[in-house]
Amino acid sequence: MAIRDRLTDGSVQLTPSDLKVARALLADYPAAGLNTVAQLAALAGVSGPTVLRFVSRLGFDGFPDFQKALLSEVQARMNSPLAMIDAGKAAAVPQEQIYQEVIRSCVVMLEATSGMVPAADFETAARLVTDPTLRLHFIGGRFSGYLAGMLWQHLRQLRADCQMVSDNWPDRVDSLIDIGRRDLIIAFDYRRYQVDTIQFVTAASERGAQVILFTDPWASPLASKAKVVIAAPVEGPSPFDTMVPALAQVEALIAAITMRLSANSRARIAEIEALRSLSGITEDQSAETPQESAAPRGPSRRVR
């Protein structure tokens with residue numbers, strides 16, 4: 001099994017210091033592990049002995065043994081279809097092939113994304129978001145704000161105390177008065193990192209709020225404030241960064257939270273549906289004529 005897979009499947013119990021090394025390794029895998037002990041330690045913000053303990057915890061006799069395993073993975077990857085796809089990334093894509101190329105690129109990035117977050121970090125994120133004692137606040141940037149809004153819209157159906165941070169800067173500043181240790185900020189910040197997002201989340205953190213950060217492999221400046229960092233690749237065939245991997249991570253978190261809250265959220269969702277029905281929110285809930293009522297209908301779908 002690849003080292004990356006072992007770090008992300010939960011099979012290895014990692015200490016908080018180990019997790020720092022794992023995040024640094026996964027953010028630039030496997031290249032970060034092919035540097036010296038001192039360089040990997042600097043990337044992770046830990047000491048050299050911590051890196052050596054991390055390697056030992058993975059079952060290797062020493063750092064050279066660990067690097068030998070990484071090099072074996074590199075050699076195997078060089079002969080894989082994935083490597084062939086990557087090798088063609090720099091080539092000009094004919095206009096008639098751009099659709100297929102973008103889809104192929106997304107598939108490759110999603111595969112990489114599955115191995116970028118330690119299982120322990122994802123589990124911590126799910127645990128924090130489902131903690132009923134915490135109030136959740138969602139914030140993102142110019143484009144990533146859509147991801148924050150999507151996560152907010154789902155979670156507000158599953159639990160109480162969920163709110164989007166206002167786009168209005170004075171309102172944001174005023175809202176800090178109510179933020180403290182009972183609050184959890186879920187922030188999305190990708191390159192080019194957004195100043196107002198950084199300022200708000202930093203201020204909230206200084207007032208005691210915990211932070212979950214969704215970001216890219218180079219990491220927003222907010223990474224130092226975050227209890228959990230969930231990184232995703234953003235480079236694709238387009239000159240604009242892609243949000244597809246980050247969207248997949250949001251979907252994964254929604255699935256995990258839904259499972260965790262299933263015992264308590266059913267009654268909440270049922271009440272929401274009843275309120276929507278009274279107001280005719282969706283087409284299948286709107287008032288019908290007798291002729292419409294008698295007509296065959298397809299299956300209804302819950303509004304997301």
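Biologist: How many salt bridges does a search of the whole structure find?
Modeller: The search finds nine salt bridges. Keep in mind that this is a predicted model.

Biologist: What does Glu-123 form a salt bridge with?
Modeller: Its partner is Arg-260, with the closest N and O atoms 2.2 Å apart. Glu-123 sits in helix H8 and Arg-260 in helix H12, so the pair ties together parts that are 137 residues apart in sequence.

Biologist: Is Glu-123 buried or partly exposed?
Modeller: Glu-123 counts as partly exposed, at 43% relative accessibility. Arg-260 is also partly exposed, at 38%.

Biologist: And Asp-183, which residue does that one form a salt bridge with?
Modeller: Arg-135, and the closest N and O atoms are 2.8 Å apart. Asp-183 is in strand S3 and Arg-135 in strand S1, so this pair ties together parts that are 48 residues apart in sequence. Asp-183 counts as buried because its relative accessibility is 0%, whereas Arg-135 is partly exposed at 24%.

Biologist: Which residues are joined into one network by salt bridges that share partners?
Modeller: Arg-191 and Asp-241 meet in a salt bridge at 2.9 Å, N to O. Arg-191 is in the loop between S3 and helix H11 (195-206), and Asp-241 is in the loop between S5 and H12, 50 residues apart. Shared partners join Arg-191, Glu-235 and Asp-241 into one network.

Biologist: Switching to Arg-159. Where does Arg-159 lie?
Modeller: Arg-159 is in the loop between helix H9 (145-158) and strand S2 (162-164). Arg-159 is buried yet has no salt bridge.

Biologist: What is the nearest side chain of opposite charge to Arg-159?
Modeller: Asp-161, 4.7 Å away. A salt bridge needs the nitrogen within 4 Å of a carboxyl oxygen. Leaving aside neighbours within four places in sequence, Arg-159 is in contact with residues including Asp-131, Arg-135 and Arg-268.

Biologist: Now the nonpolar part. How many residues has the largest nonpolar core?
Modeller: That core has 32 residues, and Phe-138, Leu-151 and Phe-188 are among those with the most contacts inside it. Elements that each supply at least two residues include helix H8 (119-129), strand S1 (135-139) and helix H12 (244-260). Apart from it lies another core of 24 residues, among them Leu-19, Val-51, Phe-54 and Phe-66.

Biologist: Which residues in H2 are buried?
Modeller: Asp-18, Leu-19, Val-21, Ala-22, Ala-24, Leu-25 and Leu-26 are.

Biologist: What should the 12 residues of helix H2 span?
Modeller: At 1.5 Å a residue, they should span 16 Å, and the end C-alpha atoms are 17 Å apart, which agrees.

How values were computed:
Residues are numbered from 1 along each chain as its sequence is written. This is a predicted model: local features need pLDDT of at least 70, side-chain atom pairs count only at pLDDT 80 or more; totals for chains, interfaces and linings use all residues. Side-chain values use heavy atoms; hydrogens and water are left out. Helices (H or I, at least four residues) and strands (E, at least two) are DSSP runs, numbered from the N terminus. Buried means under 20% relative accessible area, exposed over 50%, partly exposed in between (1.4 Å probe, protein chains only). Lys and Arg count as positive and Asp and Glu as negative; His and the chain ends are not counted. Contact means heavy atoms within 4.5 Å. A nonpolar core is a set of buried Ala, Val, Leu, Ile, Met, Phe, Trp, Tyr and Cys residues joined through side-chain atoms within 4.5 Å. The expected span of a helix is 1.5 Å times one less than its number of residues.
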